[in-house]
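Got the viewer open? Load the model, switch to cartoon and keep the selection box handy; we'll go stop by stop.

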Amino acid sequence: MKTLSRTKRKDYENYIINRIYHKLNRLDVKPVTQQYVKRSDGRYALIDLYFPQINYGIECDEKYHLEHDEEDRIRTLSIEEMLDSVEETQGFILRRVKAYESIDSIENQINDIVHESQTILINRQIKPWVVKLDAAEESIKKQIIRVEDHLEFDKITMIARCFGKNYKGYQKSGIPLGEGYSVWCPKLAVMVEGKAEAVANGWINTLSSDWNYIYEENHKKGDIRYAVGETNQYRIIFAKSKNNLGQNYYRFLGVFQFDKKHSTKSKNVYVRVATEINLTPWLNHSL
C-alpha cells in the first residue's frame, strides 16, 4: 500500500507499522504514516502511524530516541505538513512501541495497541475510509463545507461546482461569487531558511500557524491593497496542498474577511471569520 511505503529503509519501524495495520484487519480504516502533531505547547512532533478516524497515533521508539531529543528529528514543516497536522489536545491518543526490546516484547506491545484500537473502533461509529471520494458531490449533498471534514478537492472546477458553477476548465485561482464573496485557491508560500519564498509571479501568500490569518504580498507590484483586498471583502479559501500520498489537492481553510485596519499598501491581511460555509444560497441560485 502506497501510504505505508513512506517508512522504507527503517526496518523496525516498517515492521511494526505494517504488523499493526495488517493485524487490525480493517480496510475501512485509513492509515497515515509520518504524521505531524501540533503539541499543546505549540511545537510540532512527528509520529510514525496515525489513524485519523479515531485520532490515534503510534510512535516507534528506537535506540536513537534514548540518546537524542525527539526534536532533533523534526525538520522545518512545509505548508502541506502544517495543514495536515492534528491537535494533540483534541482527544488525541498516543501509544509508544519500544522497538529496541525483544521480538516477543514488541509483539506483545503490538497486540495491546491492536486490541485497544479495535475496541475504540467497535465502540465508535466511524465514517468508512474511501480512497477516491468525490468531495464536491458530498458537499453539495450536505450543502455545507466544514474545515473539520478534511475534504480533498482535486481541481478548482470541483470547488466551483459547490457554488453552482459548472466549468469544463478553469485556470484562475479566484472565482467571483458576487455579494462581496469570492473563492480563492492560493498556493501558499513555503518557509526557506526562515524566509517566505514566492510561489507564483512574485506573490507571497502565508498562513499563520493557527490558521486564523492569511497574509498576501507582492513586492514587485507595489500598492496591491485597493487592487485586490477591498474588491472582495470575504474570501472562501481552499489552499493548494498535497495529501499523504503526494497528490495535489485543495483543502478548505475557512471564510476570511479582508482586514483593512492591519493591511498596508504592500500587504493584504485576511482574518478567518468562519470555519464552515453554507452552500445553499449559491446552489439554489443555480437551479
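Which residue in β5 does D61 stand opposite? Select both strands and look: the partner is K98.

Before going on, some ground rules. This is a predicted model, in which local features need pLDDT of at least 70 and side-chain atom pairs count only at pLDDT 80 or more, while totals for chains, interfaces and linings use all residues. Residues are numbered from 1 along each chain as its sequence is written, and side-chain values use heavy atoms, with hydrogens and water left out.

**Stop 1: the whole chain**

Color by secondary structure and you'll find eight helices and 16 strands. Those are DSSP runs numbered from the N terminus, with helices being H or I of at least four residues and strands being E of at least two. Of the 287 residues, 45% are buried, where buried means under 20% relative accessible area with a 1.4 Å probe, protein chains only. The accessible surface is about 15,900 Å², and carbon and sulfur atoms own 48% of it; the areas come from the Shrake-Rupley method with a 1.4 Å probe.

Now color by pLDDT, the predictor's confidence in each residue from 0 to 100. The chain averages 81, and 77% of the residues score at least 70. Among the elements, helix α7 (residues 225-229) has the lowest mean, 54, and strand β16 (residues 276-278) the highest, 96. Over residues 1-9 the pLDDT is below 50, and beyond near neighbours in sequence that stretch has 23 contacts in the model, a contact being heavy atoms within 4.5 Å. Residues 70-75 also stay under 50.

**Stop 2: strand β3**

Select residues 56-61. Six of the six residues in β3 are buried. Show the side chains: Y56, I58 and C60 point one way, G57, E59 and D61 the other. In a regular strand the side chains alternate between the two faces of the sheet.

Add β2 (residues 44-51), which runs antiparallel to β3 and is joined to it by three bridges; strands count as paired if DSSP finds at least two bridges between them. Y50 stands opposite G57 here. Four residues sit between the strands of this hairpin, and N55 takes a positive phi near 55°.

On to β5 (residues 93-98): this strand runs parallel to β3, with six bridges between them. Besides the pair we opened with, find Y56 opposite I93.

**Stop 3: the full sheet**

Zoom out to the open five-stranded sheet, ordered β4-β1-β2-β3-β5 with mixed pairing. Why is one side of β4 and of β5 left without a neighbour in the sheet? β4 (86-87) and β5 stand at the edges with a single partner strand each, so one side of each has no neighbour there.

**Stop 4: helix α4**

Select residues 103-123. These 21 residues reach 30 Å from first C-alpha to last, close to the 30 Å expected (1.5 Å times one less than the number of residues). α4 lies across β3 and β5, at about 160° to β5; axes are lines fitted to C-alpha atoms, for helices over the stretch in contact, and angles run from 0 to 180 degrees between N-to-C directions. Its buried residues include I106, I110, I113, V114 and L121.

**Stop 5: the β11-β12 hairpin**

Finally, select 204-217. β11 (residues 204-207) and β12 (residues 213-217) pair antiparallel over four bridges. I204 and T206 point one way from β11, N205 and L207 the other, and all are buried. L207 stands opposite I214. Of the five residues between the strands, check W211, with its positive phi near 70°.

Methods. Buried means under 20% relative accessible area, exposed over 50%, partly exposed in between (1.4 Å probe, protein chains only).
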